[in-house]
Every structure is written in C-alpha cells, then in structure tokens.
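This report looks at how helices pack in the interior of a protein model. Please keep the sequence and the structure in view while reading.

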Amino acid sequence: MIDSFTLQALVISTLILFSILSSKLFFRFGFPILLIFLTFGMLAGSDGPGQIDFSDYGLAQSIGIFALIYILFLGGLESEWDSLKNFLSVGIRLSIVGTILTALILGVLIHFLFPVLGFMESFLLGSIVSATDAASVFNIFKTGSSDLPIHLKKIIEFESGSNDAVGVLLTTIFMNLITADASFNGFQFFRFFVMQVLVGSMMGYSLGILILYLMNSVKLGYDGLYLVFITASVPFIYAVTTVFQGNGFLAVYIAGIIVGRNKFIHKKSIFRFLNGYVWILQIGMFLCFGLLVFPSRMANIWVPGLLIGVLLILFARPVAVFISLLRVKLPVKEKLFISWVGLRGASPIILATFPIAQGLVWGDLLFHIVFFVVLVSLLIQGSLIPKVAQWLGILKVNPDRKIYHPTDFDNIEFPGMTLQELIVPYNSSVVDKALFEIKLPEQSHILLIARGEQFLIPSGNTQVKGGDVVWVLAKDDVMPTIGKTFMAIS
C-alpha cells in the first residue's frame, strides 16, 4: 500500500519532469516554455484527466507571491545598470503612466462590450491585467534565440519588474470601491500609492546595501551558507517592506539591482544557484495556477476572454505605450515592439485571486477570464516576439547562439586534483599582493584570473585585487589551505 506522501511525491515529480522534457518541443517551435506548465497544470486538475483536486486560492496566491519575489530579485541581479540608467525615465513612464492608462482604457472597452459587468468590475478586470509580468518577460528573454538591442531589453525588463506596485494599487482601489469601503477615500488612495512606491524604493535600496555589506564582511564557516543567506534575504526584504506598508515586489527588484551591480563573494555560483532555484519556483507556480482552472468553464468565457485579450494586445497596450512615451526620442518601431512585448503571466493570475479571497460575487468569473487572457497573451504575443522584432527590423536572429557561454563552466575534478573557483574578498589579506608574494603550496597552480570583463593569464608579478575570480588547480589535500589563504581577512 503506497502512503499518501509517496503517492503525492510521485505524481508531482512526474508532472514536473514530464513538463520539463516536453518544453523542449515548445522551445523548438518558439512557444513560451511557461505556457506548457500552465497547460499541464490544467490537464492534471480536477477538471482534467489527472483528477487532482486543488481549489485553495489562498495557498496558490502564497505560492505565486513567493515565486514572484525570487523572479524579480533575480531579474534585478541580472540587469545591467549601465545600460539601464540612461533610459530609467522611460521605464518609469511605462511602469506608472502606461500601466494606469492600460487599466483605464481596457476597463472602458470591457464595460462597453460587456455591460453586464458594472463600471467598477470592468475597471477591476482592466487593473488586474494592466501590469506586464516579470516571470514571462524574463523567461522569454532568457530562452529566446534572438538578440535585442540592450537598451530596449532593459527598458522592457525594468517596466515588468517595477509595475507590479501600480497593478496592486489599482486592483486594491477598485476592490475597495466595489465593496463600498467608505474609509478608503481619495486621500487614502494617494497615501497608499506614495507609501507603496516610496517605502518600497527606500527599503529595497537600503536592504540591498546591507546585504552587500554582510556578504563581503561576514566570514561564514561554509561556502554553502552564502547561498542560504542570499536565498533567505529575498523573502525577508519582501516581508519587512510589506510590514512598513511598502511594495515588497518593488523592494526586492531594486535590492536585486543594487546587489547585482556590485561585486560580492561567490557571485557567479550564487547566480547559477538562483537561476536553477527560480526555474523550480516558476514551474511549481504555473503548474499550481493551472490546477486552479476548470477547463470546462472556458467554454462559457472563451469569447469574452479572447476579445479582451485581443483588445489588450492590439489597442489598450499600444495606445497606453505611445501616450506615456510622448516626446521620448525612441524610434516608432521600438515603441511598437515595446507595445507588443506587454506579456501577461503570473502577476495578473496572482492579482485575480484577490477578488476571490475577498468573496466578491464576480470573483470566480474574473479569475477564469484573466487566466484565458494570460493564455492568449503567452500564445500570441510570446510566440511571435522574434517574428515581430524581425518584421520591425530591430534584431537579427542567431539560431546558433548558445544559452551558456564558455566562461560559465562548473568546477571540474581530476583524479587527486580539483579545479576550484575562488572569489577574493575585498578585505582579504592577499589583496594588492603579487602572486609570488602569496605563499601557496607547491602542488597548486593559478590558471586564470577574471577581473570584471577581463581575463588575465597570471604570472608571478600579477597582483591580486578584491573581487577577482581566481581559478586554482591543486591537489585535494592542499585546496583547504589555499582557500584559507585567499579568504583570510586583512
């Protein structure tokens, strides 16, 4: 007799593994990989052949928020600040003005086409799908085989990483208007918005600086504890910011930017770990969202869902982008591309659980409509991004481009020897010393030093700098001694 835990572990692991293996087919034909996780979630649900009964919207909301904060943090880590800072105002315009305009324009269209929904319900639905989704955008840019202009990529990434605060604000406003919460007046709206953005930005910046200081100053006993430290820091940033009435999503994204633009110990290994960890969270999140959906109900809402999705893609989003970017010196073709890459994904689905949690009459219907709009967005927009970019003439497809670069290799072991990657702390005792001055065991060799974007083939006179990534080939029994030498605090 198989116990319940073993059965659940078998089903969940099989579902994840099969989804990952099947994603190879989607990737080859240019479909967003996250779409397959949603699809398999629906098939595994109580309304599909899998017959897994899952209807806990609160748990799904928590899983979605937990996954999204790591997605945003990693997105901030991998952002290139030097490429972004010159276009920061463009990203802010899209994040604030563009999101608000998208919600209002789409809300008017929804009420005009479907008057059965009141004005407030229509604006609520528009607000839920107004924010672009970081998980979908980051995933498309990571797994695609096309090279975008770096400034355009960073503008889109910044918008998707920062406009969740506005989406949450708009959703909260219209939910309170529907429930007739008289205490939530115009002043409360303004105060809520200012607190969300201001506190979120300040907490993200200050906590990002604090994490950097602790990572480079505190000497932990085991290298693996640095991974645990950075992993635990992300929900801490979100939770503390939320306690102080700031937007936790915005805070973790800004903290990621602050941490990522600076050097810290084990930076490359932490990046690799978080990439894998975020993939696990994304898969679990989208499978969970798929389980919540009843495909049989799609038969009743596919027409309004498709119409709303098309209006969002072809009208509301482009109009909002062009209005928010008035007098911004970007080519029209780049504004058109920004309009097209307004992908919807995890963020709208998470926000769609709020009305259900509040017990709104239209909550379940809104959730399924939002889910269908997300499917339309991922299927149409996501799959056509490379073709639209080619048609607009802003990229050249390079099918031979590799996701992994030669510098991203793992530690290699030889019989009796180890090739180890060491990151030199800024306060290490070996900083500014030549290699011949550092007493290393005879059974060791410094093969390569990475300094910023440069790779140095070292000689005895090569000086070690703080933040250097040093590759050492040494006997197994002397590697701990080498590690202590480089990690010794001055």
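In this predicted model, the largest nonpolar core (buried Ala, Val, Leu, Ile, Met, Phe, Trp, Tyr and Cys residues joined through side-chain atoms within 4.5 Å) has 146 residues, and those with the most contacts inside it are Leu38, Phe289, Phe337, Ile338 and Phe371. Helix H17 supplies the largest share of this core, 15 residues. Local features need pLDDT of at least 70 and side-chain atom pairs count only at pLDDT 80 or more, whereas totals for chains, interfaces and linings use all residues. Residues are numbered from 1 along each chain as its sequence is written, and side-chain values use heavy atoms, with hydrogens and water left out.

Helices here are DSSP runs (H or I, at least four residues), numbered from the N terminus. In H15, Glu334, Lys335, Phe337, Ile338, Ser339 and Trp340 are buried, that is, under 20% relative accessible area with a 1.4 Å probe and protein chains only. The buried residues of H15 pack, with contact meaning heavy atoms within 4.5 Å, against the helices H5, H8, H14 and H17.

| Helix | Residues |
|---|---|
| H15 | 332–340 |
| H5 | 88–113 |
| H8 | 150–162 |
| H14 | 295–324 |
| H17 | 363–392 |

Ile338 touches Leu94, Leu152, Ile155, Ile156, Arg317, Val321, Leu325 and Leu330, with residues up to four places away in sequence not counted.

Helix H17 also meets H6 (residues 119–128), where Leu124, Leu125 and Ile128 of H6 contact Leu366, Ile369 and Val370 of H17.

How values were computed: Buried means under 20% relative accessible area, exposed over 50%, partly exposed in between (1.4 Å probe, protein chains only). Helices (H or I, at least four residues) and strands (E, at least two) are DSSP runs, numbered from the N terminus. Axes are lines fitted to C-alpha atoms, for helices over the stretch in contact, and angles run from 0 to 180 degrees between N-to-C directions.
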